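Grab a viewer and work through these short exercises. Each one comes with a solution in steps.

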Amino acid sequence: MSTPDNEEFLHGLEIEVAAELDIAESSHPEDAARTPVTEWLFDPTDAERYEVNLRGLLGAVEAVEEGETK
C-alpha cells in the first residue's frame with residue numbers, strides 16, 4: 001500500500017530524472033570526441049554512462065510507481 005507522500009516523492013523524482021535525461025541527451029557527447037582531448041570539458045564515455053544510468057533510474061522509478069498502483 002502506498003502513501004500519498006511516497007507517491008508524491010516518486011512523481012517528483014520521475015520528473016527530476018526525466019529533466020536530467022533530457023539535458024544529458026541534448027549534450028551531444030559525440031561532438032566532444034571529435035575535439036582534442038586537451039579541450040574536453042567532460043569525457044564522452046562518462047557522459048554516455050551517465051545517460052545510461054539515468055535511463056535505468058527512470059525505468060526503476062516507473063516500475064515502482066506502476067507496482068504501487070496495482
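**Exercise 1.** Find the residues of the largest nonpolar core and the helices that supply them.

*Solution.* Start with the rule: a nonpolar core is a set of buried Ala, Val, Leu, Ile, Met, Phe, Trp, Tyr and Cys residues joined through side-chain atoms within 4.5 Å, where buried means under 20% relative accessible area, exposed over 50% and partly exposed in between (1.4 Å probe, protein chains only). The largest such set holds 5 residues: V17, L21, A24, L54 and L58. Next, sort them by helix (a DSSP run of H or I, at least four residues, numbered from the N terminus). Both α1 (4-26) and α3 supply at least two residues, and α1 gives the most, with 3.

A note on the input: this is a predicted model, where local features need pLDDT of at least 70, side-chain atom pairs count only at pLDDT 80 or more, and totals for chains, interfaces and linings use all residues. Numbering runs from 1 along each chain as its sequence is written, and side-chain values use heavy atoms, with hydrogens and water left out.

**Exercise 2.** List what A24 touches, leaving aside its neighbours within four places in sequence.

*Solution.* Take contact as heavy atoms within 4.5 Å. That leaves Y50, E51 and L54 as partners of A24. L54 also sits with A24 in the core list.

**Exercise 3.** Is T38 buried or exposed?

*Solution.* Locate T38 first: the loop between α2 (29-33) and α3 (44-69). Its relative accessible area is 75%, so T38 is exposed. Then check the distance to A63: 25 residues apart in sequence, 41 Å in space, C-alpha to C-alpha.
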